[in-house]
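Please follow this short tour with the structure open in a viewer. Each stop names a selection and then describes what is found there.

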Amino acid sequence: MTAGVGFSGEVAEFYAKYRRGYPPPVIEALRAAFALTADDIVLDLGCGTGQLSLPLSSQVRSVIGMDPEPDMVRLAAEAAAAQGVRNVTWVLGADSDIPAVGTLVGQGSLAMTVIGQALHWMRHEELFRTLAPLFRTGGGIAVVANGTPLWQQDCAWSHALRACLEDHFGRRLEATCGTAAHDRRRYADALRAAGFTDVGETVIDYSDELSVDEIIGGVYSAISADKLPRQEDRPAFAERIHRSLPPGPYLESVRVSVLLGRVT
């Protein structure tokens with residue numbers, strides 16, 4: 001995971017506004033899995049604009065929110081300030097910087113590293129091996145998939161959205177962003193190979209209703225900055241998406257998958 005993956009500028013703004021957060025049962029599942037306490041330190045790697053860092057901050061002594069995109073880190077810090085959260089340290093960095101984090105915090109110091117919908121950008125096998133010595137007993141890694149992309153869901157409006165986007169971009173949209181079953185199996189195998197135990201998955205299902213604006217904003221949050229429609233072209237792009245969708249409501253079934261691996 002390197003700087004310049006595309007989540008900068010206005011894309012980061014759309015990400016902060018439109019990316020779905022995590023319901024309380026997800027935070028509780030993470031707390032329970034690693035028996036988090038007020039003495040613990042958590043690393044949120046690929047933290048984005050703080051969707052996991054901020055709710056986790058109330059469960060532990062401190063959170064390190066780390067992301068390679070300066071605009072993501074800036075917006076996360078602004079959100080923390082707005083919410084009065086003072087125990088998150090925001091760091092500009094990627095998975096390749098974990099050795100430096102280890103030098104800073106020391107071996108056996110982290111209770112958990114959580115990676116929310118970002119592992120597909122990283123060299124996960126090397127990352128898991130590098131992280132393993134940094135955890136306290138009973139600590140470990142949580143790889144969280146926060147639902148499938150808006151255009152890959154099994155419903156009529158998602159199928160229509162995908163067809164519209166594929167026509168616009170002139171290519172098939174097949175990337176699963178680490179949410180598909182084969183991705184989860186690959187990550188689980190890599191956790192075991194890196195020495196993690198009790199590797200397993202917790203699933204939280206819930207439903208939500210999206211507005212057309214939320215669907216369009218979610219699409220903008222996932223387009224790289226160099227492909228984001230220009231400001232003057234966005235009304236026509238949004239109208240094209242709107243016309244492609246069937247009549248609402250636009251119900252979304254969200255499956256949050258929490259893949260866990262612990263050290264003993």
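Which residues are exposed on the other side of H5? The model is a predicted one. Select helix H5, residues 98-105: Ala100, Thr103 and Leu104 are exposed, whereas Ile98, Val101 and Gly102 are the buried residues of the helix. These buried residues span an arc of only 100 degrees around the axis, which places them on the same side of H5. An α-helix has 3.6 residues a turn, so residues three or four places apart point the same way.

Next, add S1, strand S2 (62-67) and H6 to the selection; the buried residues of H5 pack against these elements. Just after H5, select Gly106, which has a positive phi of about 90 degrees.

Now display the strands. Seven of them form an open sheet of mixed pairing, in the order S3-S2-S1-S4-S5-S7-S6. Strand S3 (88-92) and strand S6 (197-210) occupy the edges with a single partner strand each, so one side of each has no neighbour in the sheet. On average, neighbouring strands are turned by 20 degrees against each other, direction ignored.

Within the sheet, select S5 (residues 135-146) and S7 (residues 250-262), which are paired in the antiparallel sense over seven bridges. Here Val143 is opposite Leu259 in S7. Helix H6 (residues 124-131) packs on the sheet and touches strand S1 (41-45), strand S4 (110-116) and S5; the direction of H6 makes about 155 degrees with that of S5.

Finally, select helix H9 (residues 212-220). H9 lies across S6 and S7 and runs at about 135 degrees to S6.

Conventions
Residues are numbered from 1 along each chain as its sequence is written. This is a predicted model: local features need pLDDT of at least 70, side-chain atom pairs count only at pLDDT 80 or more; totals for chains, interfaces and linings use all residues. Side-chain values use heavy atoms; hydrogens and water are left out. Two strands pair if DSSP finds at least two bridges between them. Helices (H or I, at least four residues) and strands (E, at least two) are DSSP runs, numbered from the N terminus. Axes are lines fitted to C-alpha atoms, for helices over the stretch in contact, and angles run from 0 to 180 degrees between N-to-C directions. Contact means heavy atoms within 4.5 Å. Buried means under 20% relative accessible area, exposed over 50%, partly exposed in between (1.4 Å probe, protein chains only). The arc is that of the directions from the helix axis to the C-beta atoms.
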